[in-house]
Amino acid sequence: MKNQRRNPLTLTAFGALAALALAAPAYAETTAVDSLKIAFSPYADADTIIASTEPLEALLHDVLLEKGYDVQDISMTVGTSYTDVGEALSAGSADLGFISGGNYVLYSDDCDVLLTALRKAINKDSLNAADWNDGTIEEYTDDLSTYYRCILLAGPTEKGRELQDKVNAGEELTWDDLNSATWAVLNPTSASGYIYPCLYLQEKYGKGISDLDNVVESDSHTTSISRLAAGQVDVCVSYGHIRIKNAPVWESDFGADGPMAEQTGIIGVTEGIYNDMIAYSKTSEVMKDEDFRQAVGEAFIEIGNSPEGQEIISVFSQVGYEWGDDANYDGERAAQELLKSLQ
């Protein structure tokens with residue numbers, strides 16, 4: 001995992017702390033907590049996550065202090081993979097983890113849901129891929145959503161264009177169409193980067209990702225998009241709002257020779273996936289304290305409701321949090337069981 005350095009609090013973060021402090025009850029005594037270790041899944045590359053979450057350490061410390069807990073050391077790391085974070089929670093080397101539903105199900109014997117993330121809904125939600133290809137990039141709406149969809153996104157290669165054209169003409173893609181393409185996927189614990197695309201292929205063709213002839217595993221969604229832009233792959237699988245995040249830098253950062261709206265197209269859409277979460281480790285000593293867990297959950301909800309906090313967590317495409325429930329991820333468990341039966 002990559003360590004995040006502690007940095008001075010920004011002026012905007014000071015404003016957030018002042019606002020939260022005014023709303024928080026005063027505690028005559030505080031309980032000292034030695035450390036709180038937080039691990040982030042690689043939703044983007046590690047450097048981007050580290051830069052975006054720099055103010056969070058001090059912000060979280062001060063909000064928890066207002067709740068009666070003086071955490072001496074808050075450390076934040078970015079996992080090298082989704083599995084890396086699940087294993088850290090399982091071992092107790094991370095107290096909290098920002099993880100996907102798919103990863104949670106794999107490690108739920110040793111961790112539990114604290115909070116479920118909220119996301120902005122987007123203006124395209126159809127299961128018909130062609131409906132997404134109207135020449136515009138998706139947009140966020142004012143609504144909040146507890147689920148998202150995975151998309152199969154074709155790029156500007158000759159094969160990618162061929163697949164897009166066929167979908168937009170209303171023709172059904174065959175297995176041979178898809179198998180002749182090169183795919184970028186994520187680790188098998190990623191919901192939108194592997195699990196749900198695999199289920200999509202199974203339901204439509206009776207085959208999975210492991211049956212494709214040409215597959216490249218990426219370490220993050222950003223890497224997959226980079227490969228798509230460079231023409232190294234024809235198709236990548238990702239979350240439905242991936243183009244909102246990457247369209248502004250498609251040419252400048254990824255070197256593409258045209259706008260993302262013109263060069264990419266959706267060729268498949270999955271069923272809804274319940275949002276990612278903040279999970280806590282059952283093997284962590286500090287998280288065994290139910291009162292402290294409650295305080296941590298309240299702190300993240302308050303931070304997620306503040307403009308400064310929303311700016312920080314936007315790197316995860318999250319806009320806030322609500323209390324989580326393990327039962328909400330039973331659909332994910334069913335998906336995992338189906339995948340196991342196919343192997």
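**Entry 1: the sheet.** I began with the open sheet of five strands, which in this predicted model runs in the order β9-β8-β10-β7-β11 with mixed pairing. I then looked for the edge strands and found β9 (215-217) and β11 (265-274), each of which pairs on one side only. Taking neighbouring strands of this sheet together, I noted that they are turned by 25 degrees against each other on average, with direction ignored.

**Entry 2: one pair of strands.** Next I looked up strand β8 (residues 183-185) beside strand β10 (residues 235-239), and I saw that the two pair in the parallel sense over two bridges. For Trp183, I wrote down Val235 as the bridge partner in β10.

**Entry 3: helices on the sheet.** I followed helix α6 (residues 158-168), which packs on the sheet and touches β7 (147-154), β10 and β11, its direction making about 75 degrees with that of β11. Helix α9 (residues 221-230) also packs on the sheet, where I found that it touches β7, β8, β9 and β10, and its direction makes about 145 degrees with that of β10.

**Entry 4: two helices.** I turned to helix α3 (residues 56-66) and helix α12 (residues 290-305), whose axes come within 10 Å and cross at roughly 125 degrees. Because of that angle, I recorded α3 as oblique to α12, and I noted the crossing of the two as right-handed. On the α3 side I listed Leu56, Leu59, Leu60, Val63 and Leu64 as making the contact, and on the α12 side Phe292, Ala295, Val296, Ala299, Phe300, Glu302 and Ile303. Sorted by class, the contact of α3 with α12 has 11 nonpolar residues, no polar ones and one charged residue.

Key
Residues numbered from 1 in each chain as written. Predicted model: local features only at pLDDT ≥ 70, side-chain atom pairs only at ≥ 80, totals over all residues. Heavy atoms only, no water. Axes fitted to C-alpha atoms, helices over the stretch in contact; angles between N-to-C directions. Helix = DSSP H or I, 4+ residues; strand = E, 2+ residues; numbered from the N terminus. Parallel < 35°, antiparallel > 145°, perpendicular 65-115°, else oblique. Left-handed = near helix turned anticlockwise from the far one by under 90°. Contact = heavy atoms within 4.5 Å. Nonpolar A, V, L, I, M, F, W, Y, C, P; charged D, E, K, R; others polar. Pairing = 2+ DSSP bridges.
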